Amino acid sequence: MAEYIDDELKSIQPQSTSAEGSEIMDEIEHDISLEITDPSVIFSSHKTTMDDLTSRGMETRIGVVKEYLPHFGTKELIDNSIDSHETHQRSQDNDKDVIPGVRVQILKEPDIIRILVRNSNPYPHEQDIFTKEKLRRIFDLDRFYSSKRYQFRISRGALGDALKEILRIPYILAVEGCQDNEITADWNEPLIIRTLQKVFYVTLHVDRLKQNRECEVKEYQVQNICDDRENFIEVEFRVPASSLDLAILKNFLIDYTTIVPYIDFTFIDEDGMVSRFCQVQPIERNWTNMCSIYYYTPHEFSEFILGLEDDNMTVHRILRSVFREGSNMKKTELTSMPIGQIKRNPVLIRQLYEQLHDFSMNHLGPISDPSKLSLPFNTNKRVRADALRRRFEQRGLEISDLKYKSKFGYHKDEKTGVEIPFFFEIAVVSTTNLANNLYYVESLNSSVMPGNYSFMRGPEGTFRWETRSEKYRYSSGSIFQIFEHFGYSYDRKKCKKPHTLIFVNLVSPKISYRSYGKSVIDLRPFASVIAETTVKACSGGGGSHNTKYDDQGNKISATSIFTEYLIKRYKEVLLNPGLKKTDRWNTSTPVYRIRPTLQEHGINVTRRYLQSLVKGICDRIPELKLVDGQFVKTGKIGIEREALGIYEATRAHIHFRGKIYDVSFEALEEIKRIATFVMIIEKAGIVELLAPYADQYGFALCYTGGFLTDNAKKFSKLANQEGAKVAILTDGDVTGRAIAGEVPDIPRIGISLDTLEKLGVPIEDVAENLDKDSPHKNLAQKLYYQGLILEEDWEFLNSNEHGRRVEIDNVIGYAGTERFWNEFILPSFAKLFGEVNYNLSLNRTEYVILPELTILNELARKKGIEAATDTVKKIESEYASYDIASHGFISDITLEEQKIEKRVMERELDDKNIQWLSERLESITEEFNQRINSTLIIENEDKNERNEDIDDPEYDEINIDDNTKDIISENHTRTDLKEQ
């Protein structure tokens, strides 16, 4: 270990080589002379201050058993990091986007485990947050030196002087963990504090013979400071390797992430594996974490004043920075005094206490409104529940549903007058991949205690509650008895609702501890709100679960009810296919229609959860066909959602030769043969850049706006089956790789290091560092393990703290669109596909309209417009002022258009020139038909008879070949009219 320290010291410049602190005074001991009549009676003495260096003394102090002391030390370091982020982000300008991050790294050596906790510190005014003098005071083992003592704010940390405990813990574990054949064990490993500029080594020296202990602080200046490096604070905490179960520590760290989704966590284990929990909820920058005089008894306020260190500070300055009431107080003779003068006079302290209560002086009354409690996170139930859900998903939990409840509370002690605001929240999470019957995560002021310790226990009768349905009153001593009543239990025999994670969090600026070690709290101010909110979250089938139990204990499943409902819909559509048009569904439709049925069974699940079930249920429904009015199974399992008339929203579109086509279920058959080459692109903006070249070369561009929808996947499969050559173009990042991984049968030609090399694009000119982890990193990692991402590309994607990327836009911006198309897109397709079917891109030319017919058609069009102008205007006028009250709605627009066409045609035929042309064409058509002996039969040859039948919705104007009709009407020709 000394070798490691020597290596580290090579990069730092010593400023001082020894501690400058004064000797710690021995306690005054009184000799007691006793006349010992029995020489076998032996006395021993032990300084009470040395008790802090035993596991028993530490347990008494902090309420944590020896097994979990390393976890407690880690917890306190994380607590301090998050408190720092909450404090400083609150003071930042609103336009400064700083993502608060905490990194925990575990380094394992033969005899010790090093735990490094680092938090980013992007606050220039806090460069010297630690100084040697400040650390000497912090590590003065005979004094409290804390920024939290008697300041009732929302904060973490058990004692306010946790760094002392963190220094003592390794010594205790080393001494008490020595082998049976050893008398003692030496422990000289330091606690190391690092910043961008300095490194501090803090070492505990213990003389067990003299029963003395003291701390030595050494300071070193870091050389070669880079101005562009991120400022940070890192504390390295070392413990004996034999004292720490790393698996338990890792689980504890993951539990901690749950409660603070507004912090970006990075864990690096002893094998170098990195786990990321990205920030999913921002810190509320406008929250105010101020004390209130209403939290204090006169004695507590007096202790706060007497404990202030700087006697020269004015009272007014202290009050403004600490108390909400002091922020509005004007200066008075009393508040203008220095703190040192107030300390010497208890009467003045009492007067100050009363002035802070005086509404006329501070314009702030008692905090009887619970909403006055400001918190560092958004407490909107929907926002908070969504943040917690995403954090649970980051843990790898597959959530079938989540029920979240929260409530602000307020308590006033009638004896002391102290008022306490608080906030309680609970989430009951139903999962599909949790092995436990019950997994419980509890936090106090958003901090988890190690060792599955729970504050939610008290004397019998602490919690009193009743159910809404039974109206029975219950009482219990712990929150776990409430859980068990509703079927949540660690005990397999008592657990009716397994695979559940329950998370609770109690937040209050003032929590009264009933033990010196702060391991037991006074639950009385909070008990009624905790019980009420917990019952609401756990009742109703567990609230967040998709199952409900009837009075006989039989399980009623939301999934089974929903499955029966969708099967019923499937049969209805088979009997009446018209429902696909008249009663068209999306995935939300069955959710809202089934909800009343579920509520009748007492099942409350979210829309998102039920929507997520639709595809899976359809995949399990046996395919049916209708035979003589009976439903017969075909033997195939799984049907498309469209078989039930359920359609997803169109999100994918195709650009081909200047036209845009929706990739919808109805259009799949039409567009599957759209082009020889199809390139799927995740961004619409790239389509706009590449469209001119794609049109020229007959490429179809399918853009999806991100991950491919089901319709886009089906289109890709169908187009591939029709002979089209399909490839996917994505960004060079983790998300782009994940998008391509969704369609493994489609080759990816996206941005990679090889792409940049081929185009001669310098990587540093186009690469970007990500400011947070991609939620799709795990999916991309699977592709890497499958060999689908090259080693060098994977190293690049993970080369920064949050990863790196190269966007298509950046490459095109550097190389130019033409080079990108000619030197990357075309060569990529040529390499992937050798022989292709160009018929898909080329318009099929079955025949060419004679130039004379084209000219004749144009002349007839112009003359027809001229002849029918008045009639067209009259018709437009009629429909412009259409009286719905008299005529009702137009029930068939197509039929109405046919009636209009009939009126316009009649007006055209009134023109003698048009009439002449019609008669000549009829004669020519008859003669031409005889010449070629055509079998073409034109129905309703008599013109007048056609006009009479126009009202029939099945009316077919000419009913010749549809292609011929389209070509004539749209003037579809490959001959330029002007050239003729």
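Me: How many cavities of 30 Å³ or more does a search of the whole structure find?

Reply: Four. This is a predicted model, where local features need pLDDT of at least 70, side-chain atom pairs count only at pLDDT 80 or more, and totals for chains, interfaces and linings use all residues. Residues are numbered from 1 along each chain as its sequence is written, and side-chain values use heavy atoms, with hydrogens and water left out.

Me: What makes a space a cavity?

Reply: On a 1 Å grid over the protein atoms alone, a cavity is a set of points where a 1.4 Å probe fits but cannot get out. The largest cavity holds about 70 Å³, a volume being the space filled by probe spheres set on the points, which are joined across faces, edges and corners.

Me: Why is W187 called a lining residue of the largest cavity?

Reply: Lining residues have an atom within 4 Å of a point, so W187 counts as one. Others in that lining include I166, L167, F237 and R238.

Me: Which helix gives the most to that lining?

Reply: α5, with four residues. Helices are DSSP runs (H or I, at least four residues) and strands are too (E, at least two), numbered from the N terminus. α5 (162-176) and β7 (232-240) each supply at least two residues.

Me: How do you know which residues of that lining are charged?

Reply: Asp, Glu, Lys and Arg count as charged, so E189 and R238 fit. Ala, Val, Leu, Ile, Met, Phe, Trp, Tyr, Cys and Pro count as nonpolar, and the others, Gly among them, as polar. The lining divides into nine nonpolar, no polar and two charged.

Terms used: 1 Å grid on protein atoms, 1.4 Å probe; cavity = no way out; pocket = protein on both sides within 12 Å on 5 of 7 lines; lining within 4 Å.
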